[in-house]
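Q: Please take a close look at the aromatic rings of this model and how they are placed with respect to one another and to the protein interior. I am new to this structure, so a connected account would help.

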Amino acid sequence: MGYITKLFKSLSRFELCLWLFSVITVTVSFLLAGNFNPLTLIASLIGVTSLIFIAKGYVIGEVLMVIFGLVYSIISLQYCYYGEMITYLGMTAPIAFMSAVSWYRHPYKNSSEVTVNSLNALHRILLAVLTLLVTVIFYFILKVFDTPNLFFSTVSIATSFAASYLALMRSPVYAVAYAANDLVLIVLWILASMENTSYIPVIICFAIFFINDIYGFVSWQKMKKRQSDDN
């Protein structure tokens, strides 16, 4: 409990308000929905909590993202969104684990904050090539599984992989890629909610994720400038 208390005390007033707003909004949306899957609420709360700590550059944020990825993959399987299930179970969660290890090994001056990194030319080329390769491969895999809303599921894979790769590389741009992914997921779950209104809270969840990811980009830009000025 002491560690958790310390984590939340490290949040600024704005960050604490953003986290509380996110938690309350997501919880209320699920309660008002009535008949909802408890797993979706659990995943959403884990997700918004992970994002606020990732925005701070804390390793615990990536650890929570691993857990979120596992739970979210189960939810996606229940709706037969095989693209989302395979993406989070086979890509997002494992890369989040690797990111946690990488962040742990690269603290900024022995603090809880990760050292922000800048992408070089090779990293950018790898990002483009690997994202294209992964997207093409997964497109055919999803097509075999007759995945609903194939186009958006494929786009989700591209944005998810790019975001995960950038987080692994400790680049502030990770948040932009995740924000793009949030928008794609909002579309996916709007389509899902047309058949089952119990998924409406998931739409609200990813809208909250979008807000948090935008803040994550702003926060990492400030971290990058501060670390650069210190050096």
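A: A useful place to begin is Phe151, which counts as exposed because its relative accessibility is 60%, where exposed means over 50% relative accessible area, buried under 20% and partly exposed in between, using a 1.4 Å probe and protein chains only. Phe152 is partly exposed, since its relative accessible area is 31%. This is a predicted model, in which local features need pLDDT of at least 70 and side-chain atom pairs count only at pLDDT 80 or more, while totals for chains, interfaces and linings use all residues. Residues are numbered from 1 along each chain as its sequence is written, and side-chain values use heavy atoms, with hydrogens and water left out.

The structure holds 15 aromatic pairs. One of them joins Phe151 and Phe152 edge-to-face, at 5.2 Å centre to centre and with 75° between the planes; rings of Phe, Tyr and Trp (its six-membered ring) pair if their centres lie within 6.5 Å, and planes under 30 degrees apart count as stacked, over 60 as edge-to-face and the rest as tilted. Phe206 and Phe209 also form an edge-to-face pair, with 5.2 Å between centres and 75° between planes. These two residues lie 3 residues apart in helix α9 (residues 200-230), about one turn of the helix, helices being DSSP runs of H or I with at least four residues, numbered from the N terminus.

As for exposure, Phe206 counts as buried because its relative accessibility is 1%, and Phe209 is buried as well, with a relative accessible area of 4%. Ring pairs link both of them with Phe68, Tyr72 and Trp189 into a cluster. Around Phe206 itself, leaving aside neighbours within four places in sequence, the residues in contact (heavy atoms within 4.5 Å) are Phe68, Tyr72, Asp182, Leu185, Ile186 and Trp189.

Phe206 also belongs to the largest nonpolar core, which has 69 residues, and those with the most contacts inside it are Phe53, Phe68, Tyr174, Trp189 and Phe206. Among the elements that each supply at least two residues of this core are α4, α8 (174-193) and α9. Such a core is a set of buried Ala, Val, Leu, Ile, Met, Phe, Trp, Tyr and Cys residues joined through side-chain atoms within 4.5 Å. In soluble globular proteins, nonpolar side chains tend to be buried together.
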